[in-house]
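Q: Please take a close look at one single part of this protein, and explain slowly, for a first-year student, how that part meets its surroundings.

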Amino acid sequence: MLSRLGGFSPRHLTRLFHERVGSTPAVYVEAVRIEAAQSLLAAGATVTAAATHSGLGSDESLRRAFLRRLGVTPSTYRSRFRSTTHPRDATPTSTTSPTPRRVSAPDPPPPR
């Protein structure tokens, strides 16, 4: 556990992290994972691949996180913001799609 490495109790580490970063470690990690999944989906990855490679684990976990943070499902996000060519017809899926909404992860704590 991370708190043991720092010599803190889990609760104290959470307090320090929140004080410096502005969120809990769990919220920060989820934000970073959602941002990674957004990039993967925008590049044309499948929902399953985005879930696996972003660290969210499963399609269902990714779906819940997207709905909670972005208000859309990963499939909807992918279809709106995909920037690659669809393999079936070799035509761009969108040429005028808006910029994807990004989840901003808080800055990491400054070094001591």
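A: Read along the sequence, the protein follows the pattern α-α-α-α-α-α, with 6 helices and 0 strands; helices (H or I, at least four residues) and strands (E, at least two) are DSSP runs, numbered from the N terminus. This is a predicted model, in which local features need pLDDT of at least 70 and side-chain atom pairs count only at pLDDT 80 or more, while totals for chains, interfaces and linings use all residues. Residues are numbered from 1 along each chain as its sequence is written, and side-chain values use heavy atoms, with hydrogens and water left out.

The part chosen here is helix α3, which covers residues 25-42. Two packed helices are described by the angle between their axes and the distance between the axes. For α3 and α5, the axes come within 11 Å and cross at roughly 100 degrees, and the two helices are therefore roughly perpendicular (65 to 115 degrees) to each other. On the α3 side, Val27, Glu30, Ala31, Ile34, Ala37, Gln38 and Leu41 meet Leu62, Ala65, Phe66, Arg68 and Arg69 of α5, where contact means heavy atoms within 4.5 Å. By class, the residues of this contact divide into 8 nonpolar, 1 polar and 3 charged.

Helix α3 also meets α6 (residues 74-81), and here the axes come within 8 Å and cross at roughly 50 degrees. That angle makes α3 oblique to α6, oblique being the class left once angles under 35 degrees (roughly parallel), over 145 (roughly antiparallel) and 65 to 115 are set aside. Gln38, Leu41 and Ala42 of α3 make this contact with Pro74, Tyr77, Arg78 and Phe81 of α6.

Some of these residues return in the largest nonpolar core, which has 14 residues; such a core is a set of buried Ala, Val, Leu, Ile, Met, Phe, Trp, Tyr and Cys residues joined through side-chain atoms within 4.5 Å. Ile34, Leu41, Leu62, Phe66, Leu70 and Tyr77 touch the most other members, and α3, α4 (47-54), α5 (59-69) and α6 each supply at least two residues of the core. In soluble globular proteins, nonpolar side chains tend to be buried together.

One residue of α3 to compare with this core is Glu35. At 29% relative accessibility, Glu35 counts as partly exposed, that is, between buried (under 20% relative accessible area) and exposed (over 50%), with a 1.4 Å probe and protein chains only. The C-alpha atoms of Glu35 and Ser54, 19 residues apart along the chain, are separated by 8.3 Å.

Key: Axes are lines fitted to C-alpha atoms, for helices over the stretch in contact, and angles run from 0 to 180 degrees between N-to-C directions. Ala, Val, Leu, Ile, Met, Phe, Trp, Tyr, Cys and Pro count as nonpolar, Asp, Glu, Lys and Arg as charged, and the others, Gly among them, as polar.
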